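You asked for a quick read of this one before you dig in yourself. Have a look at the sequence and the model first, then come back to my notes.

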Amino acid sequence: MTSTFPNISISTERLVLRPLDEDDVPALAEMMNDEQVAAWTSVPQPYSEDAARRWITEHAPAERLAGRGLDLAVTEFLTQRLVGVVRLARTNWHIRSTELSYIIAPWARGEGYASEAALATAQWLLGDQKLERIELRTAADNTAAQQVAQKIGCISEGVLRNACIVHVRTEDGTWADVRSDYIVWSLLPEDLEGAGEELTGSDGFTSWN
């Protein structure tokens, strides 16, 4: 029998991580149309509200029920404003591992929200869910995402050469694909000791497929 993640809510000092709902559609579409999201992820551009609605109502529930992953809205505790999304994918319940990625809205960057959300998710996964390994992948030039991985206690395991596509603006304003390396990071239960002591700073983007 395939295991699945529960529909849960995770609270931190400043954030609430919860299931996405249809009220998130406008903010999610706006966030996904950001230049940095387009550069570092595979999110299609432009990203419409219809695409956001399909993700929330169809794709995310299907991924959870199939046991492959979980998508969580990251919201401010005080304002309930959507600041980002955390995604779990490629979950292997036999090995008890999953891949974690995230996107932070442009207006919320630089506040440490990525680190806070990623660490809270990791603590829940390695604690309550009894997972044994969390993996993150960051593009080689994405130093902000690498800083987040380091802040939550991840260990760099090596480089997957020429393994990902990033995007750059061309002179005519369109996006062009550029090959890059992936840096692979892992987080095990024992790595969480002392993590989270310094979580302020830059926000970045992990791999997003």
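Here are my points, going from the whole chain down to single residues.

1. First, a word of context: what you're looking at is a predicted model. Please keep that in mind for everything below.

2. Let's start with the layout. The chain holds five helices and eight strands. If you walk along the sequence, they come in the order β-β-α-α-α-β-β-β-α-β-α-β-β.

3. How compact is the chain? Its radius of gyration is 16 Å, close to the 17 Å that the globule rule gives for 209 residues, so the chain is as compact as a globular protein of that length. Along the principal axes, the C-alpha atoms fill a box of roughly 50 × 40 × 35 Å.

4. Now for how the chain packs against itself. Take the contacts with a separation of 6 or more: 69% of them are between residues 24 or more positions apart. Buried residues make up 51% of the 209 in the chain. As for the outside, the accessible surface is about 10,200 Å², and carbon and sulfur atoms account for 47% of that.

5. On to the interior. In soluble globular proteins, nonpolar side chains tend to be buried together. Here, the largest nonpolar core has 38 residues, and the members touching the most others are Leu 17, Leu 100, Tyr 102, Trp 124, Ile 134 and Leu 187. Elements that give two or more residues to this core include strand 2 (15-19), strand 5 (97-104), strand 6 (133-139), helix 5 (143-151) and strand 8 (175-187). Which element gives the largest share? That's helix 4, with ten residues.

6. Don't miss the other core, though. A second one, separate from the first, has 19 residues, among them Ala 29, Tyr 47, Trp 55 and Leu 82.

7. Last, the cysteines. A disulfide is a covalent bond between the sulfur atoms of two cysteines. The count for this model is zero disulfides. Why does Cys 154 not form one? The closest cysteine sulfur, in Cys 164, is 17 Å from the sulfur of Cys 154, which is too far for a bond, given that the pair would have to be within 2.5 Å. Looked at from Cys 164, the closest cysteine sulfur is the one in Cys 154, again 17 Å off and too far for a bond. Are these two residues buried or exposed? Cys 154 counts as buried, at 6% relative accessibility, and Cys 164 is buried too, with a relative accessible area of 5%.

Conventions:
Residues are numbered from 1 along each chain as its sequence is written. This is a predicted model: local features need pLDDT of at least 70, side-chain atom pairs count only at pLDDT 80 or more; totals for chains, interfaces and linings use all residues. Side-chain values use heavy atoms; hydrogens and water are left out. A nonpolar core is a set of buried Ala, Val, Leu, Ile, Met, Phe, Trp, Tyr and Cys residues joined through side-chain atoms within 4.5 Å. Buried means under 20% relative accessible area, exposed over 50%, partly exposed in between (1.4 Å probe, protein chains only). Helices (H or I, at least four residues) and strands (E, at least two) are DSSP runs, numbered from the N terminus. The radius of gyration is taken over C-alpha atoms; the globule rule is 2.2 Å times the number of residues to the power 0.38. Contact means heavy atoms within 4.5 Å. Accessible areas come from the Shrake-Rupley method with a 1.4 Å probe; for residues, only the protein chains shown count as cover.
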